[in-house]
Amino acid sequence: MSQPSSPIYIYIYIYVCKAQPEQGRRSRCPMAISWRVCLFALVVALGFLFFLDGAAAARSAGTSSAAAQRRREVRSLLTRLNKPPLATIESPDGDIIDCVHISKQPAFDHPLLKNHSIQMMPSCHPEGLNNNSNIAPNPFTQTWHQNGKCPENTIPIRRTKEEDVLRVSSIERYGKKSPWSIPNRFSIDDPDSVNVLRGHQHAIASAPEDDNYYGTQATFNLWEPIVEMDEGFSLTQFWISSGSYSNNDLNTIEAGWQVYPGLYKDRHTRLFIYWTRDAYNKTGCYNLLCSGFIQTSNQIAIGASNSYLSPVSVYGGSQYDFTILVWKDPKDGNWWLQVGGHDLGYWPTSIFTRLAGSAASVEWGGEVASSPDAGQTSTQMGSGHFPEEGFSKASYVKNIQLVDSTNNLKSPSAVSLVAKWPKCYNVQNGTSADWGTYIFYGGPGKNPNCQ
């Protein structure tokens, strides 16, 4: 009889069934009892073997079922995000840019935008636009522009790939900030607040609170900081906000540049936007990874790389920057986005609650994020150098302006600075005729003075 391969059976068979007396030797027990024991052992061993095989099969089936379910969820998400393109452009950096008809973009999956009529251009721009600079203007271009452009009445959308989604632990939260990655500036020094800053560090300037703001414009120095871990990021941006975390009604509009390997699979500097209306709980996302922001321009792909044709700054050498403006259209109430002089699109006022009116807070500066349990990160903020090093070495945000209730741009009356870990990352501010209100900010992260 062939023996099963189960180690349990082999053990029992050898030490029980094989324990029969050899010819001429005294038996330990009567032969009938020995064979009954042997038969019982065989039945137990086989039963245990079948149990193990069944459990393994059940686990395997469960794993296969879970994997199949995950694949179905990924494909369902990709179907929602990747709308049928009228043209496709392969970028040299590996991105695929789909030119989607403007009326078929993801924004219109939002239940509040089903019957929305696209506002193709703002009713007006803020008065007092300026961009004084001692640096020659640099046109905002992106890597994919090398291989083509999207036709009229389409918008460029960076295609989401299956491997992009599979990198994240939760498909439901793909393209969203994690629960621990909320850049709460309001309670940064409040010991009684929820610790939503875990794993995050900031160096920012803030406009006076409890005022009514209708937008902001700022010019951002462009760098490519080193990010220590794939799940971490380094960014420079502004936040336009109203509401609170305690009431779960925090509304934000955010825009800037970031290096975020976990989201983009590389370490290139990319333009990004973000929004939420419930303190980052369920609503909002990066770029166009959910419904909400309506894009009208066929020139710029939000989330695409701009580190090839628009080079990043060099320490002690050439400096590059670009200007972002967000303002609330005084006629329609939509929050418009302009990048490098291009009107890209808008956040409809209907998707917000607190920002359906004005904003109560505006901030500008840098943020880095890492795993909340990883200790002090060595991820660079800005250029990776402290603000006291100054121009061409430290990163800056200049020509900081606010939009007031009359749709006029003006410099803030004052700014308050927040850098809770100044030995890691710090911020300084100033004013000048060329740069208006400005800040230098950043740092290397972990160093002998910042452990």
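Here is a short note on the predicted model shown above, with its disulfides taken in turn.

1. Let us start with the overall picture. The protein chain has 451 residues, and 52% of them are buried. Its secondary structure comes to four helices and 19 strands. The accessible surface of the chain is about 20,500 Å², and carbon and sulfur atoms account for 53% of that area.

2. A word on how the chain meets itself. Among contacts in the protein chain with a separation of 6 or more, 74% are between residues 24 or more positions apart. Please keep that figure in mind when you reach Tyr214 at the end of this note, since Tyr214 is 145 residues from Ala359 in sequence while their C-alpha atoms are 6.2 Å apart in space.

3. How many disulfides does the structure hold? There are three, and the next points visit each of them.

4. One disulfide pairs Cys99 with Cys150, and the two sulfur atoms sit 2.0 Å apart. Cys99 belongs to strand E2 (residues 96-101), whereas Cys150 is in the loop between E2 and strand E3 (154-158), so this pair ties together parts that are 51 residues apart in sequence. Is the link left-handed or right-handed? The torsion about the S-S bond is about -80°, so the disulfide of Cys99 and Cys150 is left-handed. Both ends are covered: Cys99 is buried with a relative accessible area of 0%, and Cys150 is buried at 2%.

5. Another disulfide joins Cys285 to Cys290, with an S to S distance of 2.1 Å. The angle about its S-S bond is -85°, and the link is left-handed. Cys285 has a relative accessible area of 1% and is buried. Is Cys290 buried or exposed? Cys290 has 18% relative accessibility and counts as buried, because buried means under 20%.

6. The remaining pair to look at is Cys424 and Cys450, whose sulfur atoms are 1.8 Å apart. Where do these two cysteines lie? Cys424 is in the loop between strand E17 (416-418) and strand E18 (426-432), and Cys450 is in the segment after strand E19 (436-442), so the disulfide ties together parts that are 26 residues apart in sequence. The torsion about this S-S bond is about 90°, so the link of Cys424 and Cys450 is right-handed. As for cover, Cys424 is buried at 5% relative accessibility, and Cys450 is buried at 2%.

7. While you are looking at cysteines, please glance at Cys124 as well. With a relative accessibility of 28%, Cys124 counts as partly exposed.

8. Finally, Tyr214 is a nice residue to find in the viewer. Tyr214 lies in the loop between strand E4 (200-206) and strand E5 (215-221). Its relative accessibility is 22%, and Tyr214 counts as partly exposed. Which residues does Tyr214 touch, leaving aside those up to four places away in sequence? They are Val326, Trp327, Lys328, Trp335 and Ser358, together with Val403, Asp404 and Ser405. Displaying these residues alongside Tyr214 lets you see the contacts for yourself.

Definitions and conventions:
Residues are numbered from 1 along each chain as its sequence is written. This is a predicted model: local features need pLDDT of at least 70, side-chain atom pairs count only at pLDDT 80 or more; totals for chains, interfaces and linings use all residues. Side-chain values use heavy atoms; hydrogens and water are left out. A disulfide is a pair of cysteine sulfur atoms within 2.5 Å. Buried means under 20% relative accessible area, exposed over 50%, partly exposed in between (1.4 Å probe, protein chains only). Contact means heavy atoms within 4.5 Å. Accessible areas come from the Shrake-Rupley method with a 1.4 Å probe; for residues, only the protein chains shown count as cover.
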